[in-house]
Amino acid sequence: MAGKFDSKVLVSVAMIAVAISTLATNIAANIVSPANDFAHFAPSKIDFRRGGYITGVIGILIFPWKLIADPTGYIFTWLVGYSSLLGPVGGIMIVDYYFIRKQQLILNDLYDAKGIYSFTNGFNRAAILALLIGIVPNVPGFLTTIKLLVGMFFLLGFRVCIVMLGLWGLGLVVWCIGC
């Protein structure tokens with residue numbers, strides 16, 4: 001669209017306006033969740049505003065401009081590493097909801113500290129074990145540059161967690177490790 005205008009000044013002003021509006025929207029939208037997380041972490045000491053400041057400082061300290069400077073580092077380091085964690089989490093969630101719980105949730109127990117979803121002190125040992133087992137096959141990708149594993153982290157962890165939590169749901173893993 002900008003190429004249809006003859007005035008370079010008009011195009012420049014329009015592109016600057018688009019850049020500013022994009023930055024303002026993304027910054028405002030992406031600061032809400034971490035600011036709330038910090039505020040809920042220590043509610044007596046951190047309010048939403050202070051959580052937003054903490055988020056801003058951390059955002060600057062992680063050098064986001066370095067991600068833009070070398071996109072291969074972002075894609076092959078951050079995204080592959082992130083997917084190696086999201087694959088197992090996705091596998092756990094799908095198996096738990098569709099196969100173990102058969103798509104039936106008790107809504108009140110989701111908010112009850114002593115409900116059926118509280119597990120052991122709030123931690124589902126089966127899910128944590130499945131998560132760890134799902135992450136383990138991805139570790140060599142972090143330690144070396146194995147080209148074969150790049151891009152397969154998500155699916156590898158996803159499959160391992162589906163199998164592990166599925167076996168746990170059937171009681172086979174519990175019997176094997178004696179938990």
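Two residues are in contact when their heavy atoms lie within 4.5 Å. With that in hand, we can look at how this predicted model is put together. Among contacts between residues at least 6 apart in sequence, 53% join residues at least 24 apart.

**The chain as a whole**

The protein chain has 9 helices and 0 strands, so its elements read α-α-α-α-α-α-α-α-α from the N terminus on. Of its 179 residues, 21% are buried. The chain exposes about 13,200 Å², and carbon and sulfur atoms supply 71% of that area.

**Helix H2 and its two sides**

Helix H2 covers residues 48–61, and its 14 residues, at 1.5 Å each, should span 20 Å. The end C-alpha atoms are indeed 20 Å apart, in agreement with that expectation. Which residues of H2 are buried? They are Gly 51, Gly 52 and Thr 55. Looking down the axis of H2, these buried residues fall within an arc of 100 degrees, so they line one face of the helix. A general point helps here: an α-helix has 3.6 residues a turn, so residues three or four places apart point the same way. Helix H1 (8–41) is included in what covers the buried residues of H2. On the other side of H2, the exposed residues are Arg 49, Tyr 53, Ile 60 and Leu 61. After H2 comes Phe 63, with a positive phi near 50 degrees.

**From H4 to H5**

Our next stop is the stretch around Arg 101. The structure holds 1 salt bridge, and it joins the side chains of Arg 101 and Asp 96 at 3.2 Å, N to O. Arg 101 is buried because its relative accessible area, 18%, is under 20%. Asp 96, at 21%, is partly exposed.

Asp 109, in helix H5 (residues 107–110), makes a nice contrast to follow up. Asp 109 is buried yet has no salt bridge. Where is the nearest side chain of opposite charge to Asp 109? It belongs to Arg 101, 8.8 Å away; a salt bridge needs a nitrogen and an oxygen within 4 Å, so this pair does not qualify. Leaving aside neighbours within four places in sequence, Asp 109 is in contact with Gly 115, Ile 116 and Tyr 117.

The loop between helix H4 (71–100) and H5 holds Lys 102, and Gln 103 lies in the loop between H4 and H5 as well. Most residues other than glycine have a negative phi. Lys 102, however, has a positive phi near 50 degrees, and Gln 103 has a positive phi of about 60 degrees. Lys 102 is exposed, while Gln 103 counts as partly exposed.

Here are the relative accessible areas for this stretch.

| Residue | Relative accessible area | Class |
|---|---|---|
| Asp 96 | 21% | partly exposed |
| Arg 101 | 18% | buried |
| Lys 102 | 57% | exposed |
| Gln 103 | 44% | partly exposed |

**Leu 131 in helix H6**

Leu 131 is found in helix H6 (residues 125–135). With a relative accessibility of 25%, Leu 131 counts as partly exposed. Which residues does Leu 131 contact, leaving aside its neighbours within four places in sequence? They are Leu 85, Pro 88, Val 89, Ile 92 and Cys 161. Leu 131 and Ile 162 are 31 residues apart in sequence, and their C-alpha atoms are 9.9 Å apart in space.

Notes: Residues are numbered from 1 along each chain as its sequence is written. This is a predicted model: local features need pLDDT of at least 70, side-chain atom pairs count only at pLDDT 80 or more; totals for chains, interfaces and linings use all residues. Side-chain values use heavy atoms; hydrogens and water are left out. Helices (H or I, at least four residues) and strands (E, at least two) are DSSP runs, numbered from the N terminus. The expected span of a helix is 1.5 Å times one less than its number of residues. Buried means under 20% relative accessible area, exposed over 50%, partly exposed in between (1.4 Å probe, protein chains only). The arc is that of the directions from the helix axis to the C-beta atoms. Accessible areas come from the Shrake-Rupley method with a 1.4 Å probe; for residues, only the protein chains shown count as cover. Lys and Arg count as positive and Asp and Glu as negative; His and the chain ends are not counted.
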